[in-house]
Amino acid sequence: MLYLEHFGLTDAGKVRRNNEDALLIGDGADETLFVVADGIGGFEAGEVASSMTVEVLRRLGPDEPFGDAIREANSRILAAARGDEKLSGMGTTVVAVRFGGNREEPRAEVSHIGDSRAYLLRDGTLRPLTEDHSLVAELVRSGDLTRAQAAEHPQKNLITRALGAEDEVEADNMVLPVEAGDRLLLCSDGLSDMVPEDRIGAILKEHPGEPEAPARKLLSTALDAGGTDNVTVVVVDVREREEPEEDASGGTREMQAVSPPAPDGRASRRRSGSARSEARASRSRARRKRSRGFLAALGKAIRGLAIILVVAAALTPAYLWGSSRYYLGFEEGEVVLYQGIPYSIGSLNLNREAERTGVKESEVDDPYRPPIKNHKLYTRDEVDRVLQDLGD
Ligand code: MG
């Protein structure tokens with residue numbers, strides 16, 4: 001029988017005061033559900049968006065579709081942001097995996113929005129299960145950047161899809177067959193930006209035992225590399241347990257093998273115990289739990305028939321998420337405010353004109369001239385201050 005072992009932890013990192021990441025590690029209504037969310041927004045708004053998303057997913061039942069929970073989280077974030085100016089503009093990424101299928105065809109279902117990632121380590125090879133919804137990922141897909149350039153790109157944290165950005169949001173969903181020995185990793189960009197993929201794969205391989213060791217090693221490696229962002233790591237191992245051999249009638253193992261599978265997870269839960277433990281390190285929050293045999297528990301939940309990869313919907317240029325989303329430029333002798341970023345992908349502009357300021361180019365002196373010419377990126381507050389200074 002297959003069962004899951006997991007370990008997850010999150011850390012604010014070495015630079016940021018708040019931790020805007022949130023995680024769910026098998027302690028929701030569906031014990032096979034694991035989630036990482038990375039909040040975006042000033043002050044503590046990002047934290048609100050990511051934890052709202054985790055709380056909605058925490059209540060998701062094994063037979064309920066991901067899409068419903070994603071849409072509910074999206075509308076809650078939007079409603080909260082509309083009702084409170086401090087939360088305005090908040091959003092979050094999400095990556096979630098849950099396990100199901102049946103005894104013959106165990107599966108994992110992966111869903112994501114933004115640049116939080118899922119990876120699969122199988123037979124010693126690490127492969128990404130998600131494609132970032134980010135500016136640089138789009139530029140790589142369009143051939144404008146190489147992967148190596150993307151990793152160094154100053155706008156690598158701008159994401160093109162987020163919960164809380166628009167009324168309609170669509171996650172990318174994937175269903176993949178799983179097998180004993182599989183190791184899944186969910187992480188926020190605080191790991192994937194700081195630690196190269198080959199190093200991530202090596203760490204996962206070097207610690208084949210309990211998932212706690214590789215999870216802690218990944219976190220410490222990200223912190224040692226600078227820890228400039230919040231870091232969240234969840235490692236889930238798919239393990240195989242021998243069928244129960246003990247039998248009052250003295251039945252042999254062969255007899256057990258042909259007997260019908262347990263109708264639910266009770267037998268395996270007794271065997272594994274509901275061992276929950278809290279583990280705390282000085283810099284990290286961590287929880288682990290050995291979950292019951294998920295296949296027996298979810299035997300009825302058959303999701304999908306084959307690998308389904310829903311390819312990213314068309315990129316929406318109006319919403320590019322990051323810390324800076326405004327810039328100024330000179331056009332026809334006038335200072336113009338743009339929303340977005342000064343890039344285009346093919347014929348698609350990643351910006352729109354937000355305001356003709358009425359400030360003449362000839363009236364603009366240093367120190368304002370170079371940042372306008374260079375399209376320096378600002379937050380809304382910052383750009384308002386610049387415009388105020390220009391107007392005075
Ligand atoms: Mg992050």
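Helices (H or I, at least four residues) and strands (E, at least two) are DSSP runs, numbered from the N terminus. The expected span of a helix is 1.5 Å times one less than its number of residues. This is a predicted model, in which local features need pLDDT of at least 70 and side-chain atom pairs count only at pLDDT 80 or more, while totals for chains, interfaces and linings use all residues. Residues are numbered from 1 along each chain as its sequence is written, and side-chain values use heavy atoms, leaving out hydrogens and water.

**Exercise 1.** Find how far helix 7 reaches from its first C-alpha to its last, and which of its residues are buried.

Step 1. Helix 7 covers residues 212-224, which is 13 residues.
Step 2. Its reach is 18 Å, close to the expected 18 Å.
Step 3. Buried residues (under 20% relative accessible area; exposed is over 50%, partly exposed in between; 1.4 Å probe, protein chains only) in helix 7 include Pro214, Leu218 and Thr221.
Step 4. Gly226, with a positive phi near 135°, follows helix 7.

**Exercise 2.** Find which parts the salt bridge of Arg122 and Asp182 ties together.

Step 1. A salt bridge is a side-chain nitrogen of Lys or Arg within 4 Å of a carboxyl oxygen of Asp or Glu.
Step 2. The side chains of Arg122 and Asp182 form one at 2.6 Å, N to O.
Step 3. Arg122 belongs to strand 7 (residues 117-122) and Asp182 to the loop between strand 9 (172-177) and strand 10 (183-187), so the pair links parts 60 residues apart in sequence.
Step 4. Asp182 is buried, at 1% relative accessible area.
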